Each structure stands twice: as C-alpha cells, then as structure tokens.
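Student: I am new to this structure. Could we go through it with some questions?

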Amino acid sequence: MTEWNLYEGDSLERWLTEQRSRREAADAKSAKSKITYSKESFNNKPDNKGSYNEASPNEDSDDASTLRWLSAMQGEGVPALIANVDTTLRALRCESLGVTLPLSVGEREYGDSYVFSPYTHYISYAREELSLLESRAARALLGVLLTPAGWLLKASRFNRAVQVNNRLLSTNLYPPLDGSALASAVALLLREFPDRSIVFRSLNRRTTPGCLDALTEMGFRLVPSRQVYLYEAPDRIPSKARWLQKRDYGLLDKHGYDVCGPEELGEADAPRLAELYRLLYLDKYSAHNPAFTPRFFERALRSNLLKLHALRSRASGRLDAVLGYYAQGGIMTTPVFGYDTGVPQEIGLYRMLSAVLLRLAAEEGCLLHESAGAAQFKRNRGAVAEIEYSAVYDRHLPPHRRAGWALLSPLLNRVGVPIMHKYKF
C-alpha cells in the first residue's frame, strides 16, 4: 500500500522547514541552469519536440501551493488569517506520490465557520438558507426539524471529525488519488484518530468521480452538502451565454474600470481587499463564511497563496472589487470574491468581476469550479450544476456517535437533493 506520514505540531514545523530548504535549493539550481542556458543556447539545437535539451527551471507545482498554504497557516496561526476558525492544521504526506493533504481536526467548535465546523454547515448555515425556499410550508417544516436535529448532532459530538484535504476554504481541490492511496491514508487516520469520524469535503461526480467511488467502496457515507456550478470552456456553452459574458466584460470600459493583477497589488491594499470580501461574503451573504483578515490578504500577496485580481476605478483610483483563485489538477476555484456593495447595482460590479473570472479561467485552460450561490446568474452564463458531497467514515465509532451522520445522509439524499434541484440553490 502507499505509505503516508502524519505531521503535526513541532514535527510539522520541522518538516515544513525542511521542505522550504529543499525548495530554495531547487530554485537556486534552476536559476543556475537558466543562466547556463542563456549563455549556451545560441549554439544548441532544438530536440525533435522543438525545445532545447537543457533542463528548464522548475515550474510551480500543485503540491508546492499546498506547502505554501500550510506554511502560512502554521507560521501566522489560523485565527490570524481566518478570524472565525480556531484550529491548527496538520499534514498528511505521501513521498512516493509527491502529495500533501492538509488536515483539520475538530472538537466542539460549533460557532466556527462552516469550512471547519460540520455543525455550522448543516445546521447554522441551513437555517439561513431556508429563506430561499418559496414554499412557506417547507420553510416552517424544515425550520422545526432543524432544532432537534441540532440537539442530536451536538449529542453525537458531530464536530469531532478529521477533515482530509481541508484548506479551510469553501471549495477544496483534490490531487489525483487512486483507491489504494485513499485506503492507505484512511487506515493511517483511523489508527491516529480512532475516536473521530473521517470526512472528505468538496466531492462531486464531475471533478472527483474516482474519489467518490473509492470511498463509497470503503464504506463511507455520502452526505450531500450543496449544489455547485462548473464552467468548462467558452466554445462549449450556448451562444447566448457567450453574448452575456461579452456584454458583462464590456462594462469595464463603459464604467471606467481597470483589471489589476497580483503584480499591481501590494500589501498596502490588503485592508481594502479584506473589506471588499467582507462586504459581500460576510455582510451580505453569511457570517458563517470564512472571515479572511487583512493579514490573510497581506500573506496571500507575499506568498502567492492565491492569485488576486482587483478592479480599480479610473475616476477615483479606488479598488472596488476583488477575486482570488487557485488551481490544482486543471481545475480552478475562487474562494475570494467580493465588491463594494455601496456602489449602485446598475454599475454591475458583480457582472464585471464574474466576466474577468471566466476570462482568467479560459486563459488558464482550467475547468472553473464556481462554488455555490447566484445560481441563475451562473446558469445563464453557461455553468452546469452538480451536487457536492462530504464522504464520511464512522463505522468504527459507537452507535450514539454515528447517529448524526446516520440521520443526515438519508434525509439529505432523499429530501435535500430534490429541494436543491427544484429551487436551483
């Protein structure tokens, strides 16, 4: 079986330091190779693929991105970067695969953001989502059910879970992992955390079918979490959707906005970027979303945790909108998205920012995971819906500890999913 190692606390700090040293040495070697290439390439001939034989500098890998994320969370402390998440991350590492998976280990953090607290996701956030239902009877019935469900989940110590590959983001992207690698990882986690459920978030049939099938075969429950939206490529969507995208992008010139890439943003912009995110995701949507701090945006810019882009008004010079994305395995997602909600809605900041995002995804050549929310808007521009699941293993726990997940899995599959399909959340 594939061998994994668990790093936490001091061992994680030492391991991350070793990884940084190796990376710096590799970067120095690449830089030296680049200098040699510059001096000698004039006399070299291309190989049959049209490129030179000299080693090119190492490109940034998906795993390097994960290591930067872990280093930031370890170095700063999670609450300094995400104000409503009180935890520390661990790491699961497979050297043979070159894969690192962040781990979050929960206890009773029922008031933390849903990216860390399963209770918040399935109870607290769900209460807010009831307002989206058109049926008054459905709202009343589900509202009544959520109270005893919340009692049951707390009694079953619902948050006592290890969440695998959890960056503490709305959407976690997965490296390629086969059934053997997953089984080996799960076996290690069951040995190390015998009193906790094992949870894999952010799974769906379009982007992680292999994980879903492998985990189901291992006895994991599939618990629906939300309906998400995926967008492939401009040439694969209806002409009307392409027209809408083009019209949205045209608003930039119409209203005098420039797109600022990461190289045009500095740490002095961090407080404004944090404000723009807060205005949309926390103030307008839900306080249960991750509360990224100004310090997070400073670190994101300095350490390339996310690729941040913003819209700057030519008239005022002010930043009025921001998005931040990362990509892994040909899939891209945007955990940071926000704009100044005080700007008149007819200006169309959300439409402009969405058009910039779709263009960036096309330039990256990635499938865009647009997460949840603004369902009709995303559908109109060519996105396709998928049900997202959490895969949960709790067979090793006593019956009273399994009660919470045992209730949610059939209830959400039989009732929740049809509601999501009907109302297009």
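**Helix packing and salt bridges**

Tutor: This is a predicted model. H9 and H10 cross in a right-handed sense.

Student: Which residues make the contact of H9 with H10?
Tutor: The axes of H9 and H10 are 8 Å apart, at an angle of about 120°. By class, this contact has 8 nonpolar, no polar and 1 charged residues. From H9 come Ala270, Pro271, Leu273, Ala274 and Tyr277, and from H10 come Pro294, Phe297, Glu298 and Leu301.

Student: What is the angle between H2 and H10 called: roughly parallel, roughly perpendicular or oblique?
Tutor: Helix H2 (residues 62–76) packs on helix H10 (residues 294–303) at about 140°, with axes 11 Å apart. Angles over 145 degrees count as roughly antiparallel, and 65 to 115 as roughly perpendicular. The angle of H2 and H10 falls in neither range, and therefore the two helices are oblique.

Student: How many nonpolar, polar and charged residues are in the contact of H2 with H10?
Tutor: The crossing of these two helices is right-handed. On the H2 side are Arg68, Trp69, Ser71, Ala72 and Glu76, which meet Arg295, Phe296, Arg299, Arg302 and Ser303 of H10. Divided by class, the residues of the contact of H2 with H10 are 3 nonpolar, 2 polar and 5 charged.

Student: How many residues apart are arginine 295 and glutamate 76?
Tutor: Side chains of opposite charge can pair when their charged atoms come close. Arginine 295 and glutamate 76 form a salt bridge, 2.9 Å from N to O. Arginine 295 belongs to helix H10 and glutamate 76 to helix H2, and their separation along the chain is 219 residues.

Student: Is arginine 295 buried, partly exposed or exposed?
Tutor: Buried means under 20% relative accessible area, and exposed means over 50%. Arginine 295 has a relative accessible area of 31%, so arginine 295 is partly exposed.

Student: Which residues are joined with Glu267 and Arg302 into one network of salt bridges?
Tutor: Glutamate 267 and arginine 302 meet in a salt bridge of 3.5 Å, N to O. Glutamate 267 is in the loop between strand E7 (257–260) and helix H9 (270–285), and arginine 302 is in helix H10, 35 residues apart. Glutamate 267 is partly exposed at 36% relative accessibility, and arginine 302 is partly exposed at 43%. Through shared partners, salt bridges join these two with Glu76, Arg295, Glu298 and Arg299.

Student: How many salt bridges does a search of the whole structure find?
Tutor: The pairs discussed here include arginine 295 with glutamate 76 and glutamate 267 with arginine 302. A search of the whole structure gives 28 salt bridges.

Student: Which residues of H11 are in contact with H8?
Tutor: Helix H8 (residues 239–255) and helix H11 (residues 349–364) cross at roughly 120°, and their axes come within 8 Å. The two are therefore oblique to each other, and the crossing is left-handed. H8 gives Gln245, Arg247, Asp248, Tyr249, Leu251, Leu252 and His255 to the contact, and H11 gives Arg351, Met352, Ala355, Val356, Leu358 and Arg359.

Student: Are aspartate 248 and arginine 381 buried or exposed?
Tutor: The side chains of aspartate 248 and arginine 381 meet in a salt bridge of 2.6 Å, N to O. Aspartate 248 is in helix H8 and arginine 381 is in the loop between helix H12 (375–380) and strand E12 (384–393), so the pair ties together parts 133 residues apart in sequence. Both aspartate 248 and arginine 381 are buried.

Student: What is the phi of asparagine 304, and where is this residue?
Tutor: Most residues other than glycine have a negative phi. Asparagine 304 is not a glycine, yet its phi is positive, about 55°. Its place is in the loop between H10 and strand E8 (307–313).

Student: Is serine 371 buried or exposed?
Tutor: Serine 371 also has a positive phi, near 60°, and is in the loop between strand E11 (367–369) and H12. The relative accessibility of serine 371 is 7%, and under 20% counts as buried. Serine 371 is therefore buried.

Definitions and conventions: Residues numbered from 1 in each chain as written. Predicted model: local features only at pLDDT ≥ 70, side-chain atom pairs only at ≥ 80, totals over all residues. Heavy atoms only, no water. Axes fitted to C-alpha atoms, helices over the stretch in contact; angles between N-to-C directions. Helix = DSSP H or I, 4+ residues; strand = E, 2+ residues; numbered from the N terminus. Parallel < 35°, antiparallel > 145°, perpendicular 65-115°, else oblique. Left-handed = near helix turned anticlockwise from the far one by under 90°. Contact = heavy atoms within 4.5 Å. Nonpolar A, V, L, I, M, F, W, Y, C, P; charged D, E, K, R; others polar. Salt bridge = Lys/Arg side-chain N within 4 Å of Asp/Glu carboxyl O. Buried < 20%, exposed > 50% of the residue type's maximum accessible area, 1.4 Å probe, protein only.
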